Amino acid sequence: MNEKNLVLSVSPHIRSEESVKKVMWFTVLSLAFPAASAVYFFGLYPLLVMLVSAFTAVVAECILLKLRGRDVSQCLDGSAVVTGILLALTLPPRFPLWEAALGAAFAIVFAKQFFGGIGQNIFNPALVGRAFLMAAFPVDATTWSPTRFMSPDTFTGATPLANFKFEKVLTPYKDLFFGNVAGSMGETSALLIILGGLVLILKGYVDFRLPLSYIASVFCFGGIMWLINPSKYPDPLFHILAGGLMLGAFYMITDMVTSPITRKGRVIYGILGGFLVVLIRLFAGYPEGVMFSILIVNSIRPWIDRLTKPRVLGEV
Amino acid sequence: MNTIIISLLLTLALGLLSGLFLMISFKKFYVQEDPRVEMLLEALPGANCGACGYSGCVGYAEALAGGKETNAAKCGPGGQEVADKVAHIIGLDTVSIVKRVAKVMCNGTKENAVRRSDYDGVKSCRVADFTLKGDRGCVYGCLGFGDCVNVCQFGAMFMGDDGLPHIINEKCTACGKCVEACPHDLIELVPLDRKVFVFCKNLDRGPVAKSYCKVACIGCGLCVKQAPEGAMKLEKNLVIIVDAEKVDEVADKVVGVCPTKAIALDEKFAEVKTV
Amino acid sequence: MAQNSRKPGYELVKGFFKENPVLVQLLGICSVLAVSNTVVNSISMGVSVLFVLFFSSLVIGLIKDLIPNEVRIPAYIVVIATFVTVADLFLKAKFPDISKALGAYIPLIVVNCIILARQEAFTKKNKLLPSILDAIGMGTGYIITILLMGIIREILGFGSIFGVKIFGSWFKPILVMILPPGAFLTLAMLIGFMNFITRKSEEKKL
Amino acid sequence: MAKSTFKGGVHPPYCKYTTGKGIEKLPVPATLYVPLSQHTGKPAKPLVKRGDEVKKGQKIADADGYISACIHAPTSGKVRTIIDHPHPVLLMSDFAIVIEPDGKDEWFEEPLERVNWQESSPEEIVNAVKEAGVVGLGGAAFPTHVKISPPKDKSIDTVIINGAECEPFLTADDRILQERAKDVLWGAFLIKRAVGASRVFIAVEDNKPLAIGKVSDVIKEFPSFELKVVKTKYPEGAEKQLIKALTDREVPRGGLPMDVNCLVQNVQTAVAIYEAVRFGKPLIERVLTLSGDGARGAGNYLVRIGTRFLDVVEMTGDMSDDVIKVINGGPMMGISQYTLEVPVIKGTSGILLFTQKTARRFEEYTCIRCSKCVDVCPMGLLPLMLVDYIKAGRFTEAKEKYGLSDCMECGCCAFVCPSKINHVQWVKFGKQELRRSS
Amino acid sequence: MKNEFRMVIVLTLIITIAGCLLAYTYVSTQDDIQRNLENSMRTALLSVVEGVESYENIALDEKTSVLKAKDSNGNVIGYGVMITGGGFQGDIKLMVGFDKDASAVLGIEVLENVETPGLGNRIIEDWFKKQFEGAIPPIEVLKGQKPQNRSQIEAITGATISSKSVANIVNNAHKALETYLGSGGGGESAGRGEEEILEYFEKRWPEKRLIKKGTYYVINDKSGQSISYGIFSEGVEGGDTVKIFMTVSKNFSKIEDIVIMNGSEVSVDKEKLDELQKRLIGESLPLSSSNVEVVTGATIIEDGVVSAVNKGFEALKKELK
Amino acid sequence: MRPLIIFVAAAITNNFILTYFLGLCPFLGVSARVSSAIGMGFAATFVMTMTAIITNLVDHLILRPLHLEFLQMIVFIFVIAVLVQFVEMVIKKTSPSLYKALGIFLPLITTNCIVLGLALLGAMRNYNLIENTFFGFGAGVGFTIALLLISGIREELEVRDVPKALKGAPITLIIAGLMAFAFMGFSGIISLQ
C-alpha cells in the first residue's frame, strides 16, 4: 500500500471537462469570426483597438483584484479578454485608442469588479463600457467610416439604421448580410457573427433560446409595426440584419453571467429584449437600441429569475 | 399691500382649517402606542433616512421595542451617541467587566496531529466537518481551515504556520463570533488571567487518540489526582477543568504530570504563537 | 467621542468630515447629484442650503418649545419652506443666472433631508448655540461635498473649472460626468472612498 | 419506440469496462469486520460478545427498532472483539464485530428450499426478509422489510425492479441480470405478492443489451411483468426519476414512492429477497464491482460482508501504486474513503480505485452563472442559488425558497459545473445545518 | 385638550407668519424679478435683431410670442419670435430674429434647452447659431454635407435630432410670424386674431357672408346681395396703436358694427372697450372726437379709435371708387 | 391620449429617480429588500397620486386666482404634510395590518423630495387636473419600478462579493448610475413639455 494519504472528497468524483477558462478562451476564439469581418471591411486598425481594449481590460482586472486582495491570476481566466474584445467590436472602426482603453477599464472596474468580479456582475460589462463611451464621447462613438469597399465620396456617415431612421433609406439585404455597411467594427457582417454564434451554441456555451427568442422577438414586433405602416417602419428582415442585433443576440444577451438561469426565463428575457430593441429603434432618439435593450433587461433579470423558478419535481 | 393681506388671510384660513382638521382627526383616530417607541423615536435622529434598513425611524424604533431587532447601533446618522441611548432604553447594554479573550482548545499543529487523508473540497471547517469529518486523524480537533479567522471582524485572529488559528489578545473583544464558527466547539471565551488549560477535546480512547495526535488527552487521569478534590474530572476519556481558580493554584503540578502535554500553561502555549 | 460632543467647537467641525451629512449620513443626496455638474452651481446650491439650514435652525431653535410634538413636522417644514422661498425669490431677483441654472432644485431644498434631519436630530434636543453651530457645520460639510462633486465633474466633464478651460485642446471632455450616470458614479466613489477611509482609521484605532 | 426518461440529467463517461466479466466468488479473508451500522436507521444490537464462536449465517446482531436490520455472521469463526473500526459510510470509526474465520465456513442453518414458497403470504415474505437482514442493495441500504410492508392507507399497484444501473463503472446489477435474471424475476414476484401490486416493471437502461436480452427471454414466464428499456442517462436509476420515466407519476415533495403507489427495488435486493424467502438464506454476501483505472483485477465479485477493501483489492490482484482515491459506490454518488481498512457492507455496490488521472483535483472557481446546473438538475432545483444561499449561511431560505431538502445529491450539477463548484458538498453541509437548527 | 388647541394655534400662527413674510419678500423682490425678465427678453432680442431701441411684445399663444423690434423712431426694423418647441430631450426655447419682411432669419438665440450636454447641447455654440444668419426659411438640415444654399444648414455631428429640432422650431417661428402678419396687414393686433373677429361677425349675423376683396370685405346677405362693407384699420395716438375692424353701411353713413382690438401696450379693461364699442355702433361717419362720449378709463385709446375709424372710412371710400 | 403619454413619460422615460434624482434618500435604505421596496412603492404611489390631485386643486382654485403663486411651496408642502399625517392616522386606526404594510412608510414620504418635486413640476407644467393625476400616478409607478428593480438586484448582491467599502449606498448608486445608462435608451421616445 502506498503511504500517501488518500484523497477525501464529496461526490461526484468525476467531473466534466469544462472549465471557466475553457469557456472564456473558446469564446475569445469564436470572436475571431466577427473580428475577421472587422479586419476585412475596415482594415487592421480595428485589430489594434481590440488588442488595446483587451489588454486594458486585463490590466484593470489585475489591478482591481490586487486592490481587493483577491487572487490576481484570475485576470487571465479569459473573461476580461472577452469583455475587452466585445467592447472593441461594438465601437466605430476608427475609434480613438485611448478612449477604447478608458471604456474597457470602466467596464471592468464599474460593471465587474465593483460587483464582486467574475460571475457576480449584474450588467454586461462590455455593454456598460460601450454605454459609457456613448455618453462620454458621443461624437466619437457615432462617427462611422465607410468600409474598404465603399466609395468614401458617397458615404453619408450614417449606419443603415440611421439611414433608415432619418432618411428613410433602406440598405440592400446583401450588404447587410455580408457586412459591407457602415457600423461598429464587429457588427456589420451578420453572416460571420451567426457562424461564430453557432460555434458557441454547438459547443454548449450558449443556450440557443437566448439568441433565438431575441431575434424572433425583434422580427415579430418589428413585423407588426411594419404591417401597421410599411412606409414608416422598416420590414422585419431589415430589423434583424441591420445594426448590432446579431452581435447582441449571439454575444451580448447570451452572456452567462447576466442572463437568466432558467430556460423559461431566458425565453422571456429574449422576448423582452427584442421588444425594447424595436421600441427604441422606432420611437426613441437613438437609431440603435440593442445596447440599451440588453442593459435594461439586465436590470430586470433578477425579477425574471425570481418569477421563473422551475417547478421542483413533485411540487404541486 | 394687497398681496400681503390676501396672503395673510389665506394662510390664516389654511392654518386654522388644517389645524382644526388635524385636531379632530387626532381625537378621532388616536391610537395608544408602546411608550418605548416614543422614547426611541425621541432618541433617534428622525431623519427617516432608512439607513438602518427599516422604513424610517419609526420602523426601527418599533422593531427595537418589539424585540425583533437587537442591534442598537444601526442608525447611521445618529452614531455612537444615539446607539448608547437606544441601548439604554431597550436595556441592551451588557458591559463586560473582566476582560475575556477567545482561546483555541486544541494544540493539534501540523506536527502534532496526523492527517488521515488528503482533503479535496470546500475550504471551510464547518463544511469539511459536516460533510467529510475533516482530514485530520482526530475528528474532535482543529480542522485548520480558519473559519474562526474569517468571521473575526477585529483582525484579532490569524492562521499560524503551524496550521492552527491564533488570537491576538489585545485585539480580541470576546464577541464570540469565532466560538460560534468553530464546528468542534474548540474556542472558548476565558478570562485573561487564567493559566491552565486542557488543550484537547478528544473523546477517543487513549491508544486511539495517541495514534493520531502527540498532544491528545489520553484520559489517564494523572492530573486529576494532582488537583484539589472536585477541581478536575474525567469524562469520556477527557479531562475537564471544573474549578479553574483551584487548578491554577496548583498549575505547575498539574501541568508537569501530563504525559502528552495536553494540559499546558497558557504562557507556554503563547510561545508557540510567536513563531 | 461622547465627551467631545459638549464642546461647541466639535459641533461645528463634526459636520465637515466625520459626520458629513452627505457622505456619512447619506442625506441630501438628491440635490448633490442634481446640481453638482459645475463648480458655480455647486457653490450656489451649497450656500443656499447653508443659508436655509442656518436660519431654519435659528428659528426652530427659538420656537421649538412652543410647538406641540404632534404638529412638529408640518411646523418645521413650513419654517424651512419659508426660508427656501425667500432664498428662491432672492436669487431670482439678484442673481437671475444662478437661479436659472439651479432651476427646480432650489425649491427642493425644502425637502432636502439634511435640513429636516438636523432639526429633528439636533436642534430639537439641544440649546440654541450648539444647534446653530451644528447647522453651520453641517451646511459647510454639505458645501464641501457638493463642491468636491462639482470640481470633479466639471474638470472631467467640461475640462474647465469655474467655466474656465484648464486643459489645452488635447483634452477631450468625458461628457458622461455631467450626465446623470456620471453624478451617480462620482458620488458612489466618494462615499465608497469615505467608507474606505473610515474603515482604515477604525482598524488603526483597534 | 421513444424510450422513456425524465427531465435533466447528464451523460458522464460510462466506463462500464466490467460488463463482460462474470461474477467471481471471493474467498473468505483472514479477518472480517462486520459493522453494526450497515443500513439506514438505528444500528443493530450485538448478540455476541468477545470470544463467542459463531457459525455462518448465525444472527450476530439484532435489529434495534422498526427501521433497522439484523446482521448475520458471514462465515464461521470466533468473535475476536467488538471495536471501533473505520466505516465506509460514516467516514469515521464505528463499532464493528471482528470475526476471525475458522476456515470451515459452516452454516448455522443450511439454506433449504421451503415448500410452497411461491405461495407465501405477505406476512411470511416480510418476515423472511426481515430475518434475513435484507436491505436495499442499490446503495441506500434502507431496510427492505419496511419498504415492502407499506402502511394500510397506501396501496401499491406497481413494483419497479431497478436495473437501470446509471452510475458509471458499476456493472454488478448488470451482471446479476445477465446471470440470474430468473432469480431477479422470482424476487420481483415475491415483492409483488408482498405488497399486492398488479404489475411489475423491470427497468433496464438501453446500454445493457445483454441484460435486456436475458430478461426478455425469461420474462415471458411471468404474466403482468413488463420489461421497460429506459434511456441511458444519469441518474436514471434514482427512484423518483425512474418512477417519473416509467409511470409519469411524480413523487410529491418530501414524499415516498408509495405516495404514488409505486415501489422500487434494486435487482440485487430482489435476488436477496428471493433467496431469503425460498431458502431462508440471510444476507451475508453481495456482488460488487471492483473497477477504476487503478484496479488491476477489475471485475464483478461476490464478496462476504465484512471483507476489508484492502482484502478485496489484494485477493483480486492488487492495485497500481498511484491510486489516490478509493470510492465506496459509484463515482457520482459514492463516498471516498480515507483508508482501505474499511469493510464491505451490505450497501457497497462497488469499490472504485482511481489514480491521479481520473480523480483530478479542482480548485473551486467563482460561479459564472452559466446555469448548466439548472439545466441538468433532475429535481428542477437551482443548484447555483442553493450554493449561494448556503454560502451566505441562509439555510432556511435555501430550504423554503430553493428546495434545499429536495436535493438528492445526485451530483449532476457538480459534474457539469465549469467552475468546479462542490455543489453536493455545500448541499450536504446545508442540510446538516438545517438539521442542527431544527 | 389644552394641548390640542395649542396645536391649532401654533400651526396657524406659524403658517400665517410665514405667509406674511413671504408676501413681503415677494412684493419687495417683484420689481427686480420683472426687470430681470424684461432684461433677458431684451437681451435676447438684441442678440438677434440689431439696433433695437424699443419693442412690442405680442403673445400669440402659450409657446409663441412675437416681438416687434423698433428703432428709435418707432419704425419696425424686424421681428423677434420667442418660441418653444420639442427637442431631443425636452423643450427648446428660441428667440428667432427675422427681418422686417419676415423673409429671412437674422439670427437665433437659444434661451432654454435640456439637450444632452456636449452633444445636443451644442446648439448653443456660435458656429451653429451663425448658420442661421441670413437663412431663408424653410430651412433644411444636412448631415455630413456642406450647405449649398441659404436654406440649408449643417447638422451637429452626432446630434442630428437636436439640429433638426432647432431648424424645425425656426421654421415654425417663421410660419407663426407669417400667419400673424398676414392676418393683420401690419400685425398690430393681439387681443383678437383676424379669424376670431371674422368668426365673431359670422356669429353675430349668421345670415350674412363676409367676402374678402383685397384689403376690404364685402358683406352679402343670403341672396348674395351686398349690404355693407368691412375693413381693418389702425390708428395711432400717443404712441399707442389701436386696431379696429368695422363694418359700414352701404351708404357710408353709419358704423354698423365695430370691434376694437386691444394692442398689447394699451392696457384697458375689456369692459371699457366693450362700452366704447357699443357707443360707436350707429355713429355716423366720419367721426369727430367731440361726438363720442368719453368712456372713463379709456381715454388713452379713444383718440386712436377715432382716427382708426376715420382712416378706415377714407380707405374704404377710396377702394370703392 | 395626452394623460397617457404623461403617465408613460413620468413612469419610464423621464423616471424621477434615474433622470431627476428625486426621492433618493429613502431609496437608498428601502431598496435593500424587496419586501420593503414593495411597501414603500405602494405607499409612495398612493401619496403621490393624492398629492397630485390635491395640490392641483389648491393651485388652480386658490393660488392662481389670487395670484399667490409664490406661496406654492409652503402651501403645497403644508398640505402634503397634513394630508400624509391624516392618512397615516386613518390607516393606523382603521386597519392595523394595512398600517403595518404601508403606513410605516408614510412619514418617510412626507419628507421625500419626490412628492414636493412632483407637486411643483406639475404646477410648472400647467397640467390640468386629469393630467396631473396621471402625472402623479405615473411618477409613483416609476418610483416603484426603479425601487423594485434595484431591490431585486440588491438582494442578489447580498450574497455576492461586493467590495466592503462599496457595500450599501455606494453600490446602490453605482447600480442606479448603470441603470441610468440603460434608461438613456428611452430618451427621445416622448418629449415632454
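These legends accompany close-up views of a predicted model with several chains.

Before you zoom in, note that local features need pLDDT of at least 70 and side-chain atom pairs count only at pLDDT 80 or more, while totals for chains, interfaces and linings use all residues. Residues are numbered from 1 along each chain as its sequence is written, chains are lettered from A in the order in which they are written, and side-chain values use heavy atoms, with hydrogens and water left out.

**View 1. The largest nonpolar core holds 246 residues.** A nonpolar core here is a set of buried Ala, Val, Leu, Ile, Met, Phe, Trp, Tyr and Cys residues joined through side-chain atoms within 4.5 Å, where buried means under 20% relative accessible area with a 1.4 Å probe, protein chains only. The members that touch the most others are A:Phe123, C:Leu33, C:Leu187, F:Ile174 and F:Phe181. Helix H10 (residues 169-184) of chain F provides the largest share of this core, 13 residues; helices (H or I, at least four residues) and strands (E, at least two) are DSSP runs, numbered from the N terminus. Each of domain 1 (20-141) and domain 2 (160-306) of chain A gives this core at least three residues.

**View 2. F:Phe181 touches residues of chains A and C.** Leaving aside residues up to four places away in sequence, its partners in chain A are A:Phe106, A:Ala131, A:Phe132, A:Ala135 and A:Phe292. From chain C come C:Val176, C:Pro181 and C:Leu185. Contact means heavy atoms within 4.5 Å.

**View 3. Chains A and D share the most contacts among the 13 pairs of chains that touch.** Here 68 residues of chain D meet 44 residues of chain A. The two chains bury about 4,600 Å² between them, 58% of it on carbon and sulfur atoms; buried area is the accessible area (1.4 Å probe) that two parts lose on being put together, summed over both. D:Tyr365, D:Ile368 and D:Arg369 supply 15% of the area that chain D buries against chain A, more than any other three residues.

**View 4. Salt bridges and polar contacts cross the interface of chains D and A.** The rule finds 5 salt bridges, each a side-chain nitrogen of Lys or Arg within 4 Å of a carboxyl oxygen of Asp or Glu. In one salt bridge, A:Glu17 meets D:Arg360 at 3.0 Å, N to O. There are also 25 residue pairs in polar contact, both at pLDDT 80 or more. A polar contact is a pair of N or O atoms within 3.5 Å; within protein, one must be able to donate a hydrogen and the other to accept it, and residues adjacent in sequence count only if both atoms are side-chain atoms.

**View 5. Two domains of chain A meet: domain 1 (20-141) and domain 2 (160-306).** The bounds come from an automatic or database domain assignment. Taken over C-alpha atoms, the domain centres are 20 Å apart. The contact takes 35 residues from domain 1 and 33 residues from domain 2. About 2,800 Å² is buried between these domains, 78% of it on carbon and sulfur atoms. A:Phe26, A:Phe33 and A:Leu127 supply 20% of the area that domain 1 buries against domain 2, more than any other three residues. Between the domains the count is 0 salt bridges, alongside 6 residue pairs in polar contact, both at pLDDT 80 or more.

Methods: Buried < 20%, exposed > 50% of the residue type's maximum accessible area, 1.4 Å probe, protein only.
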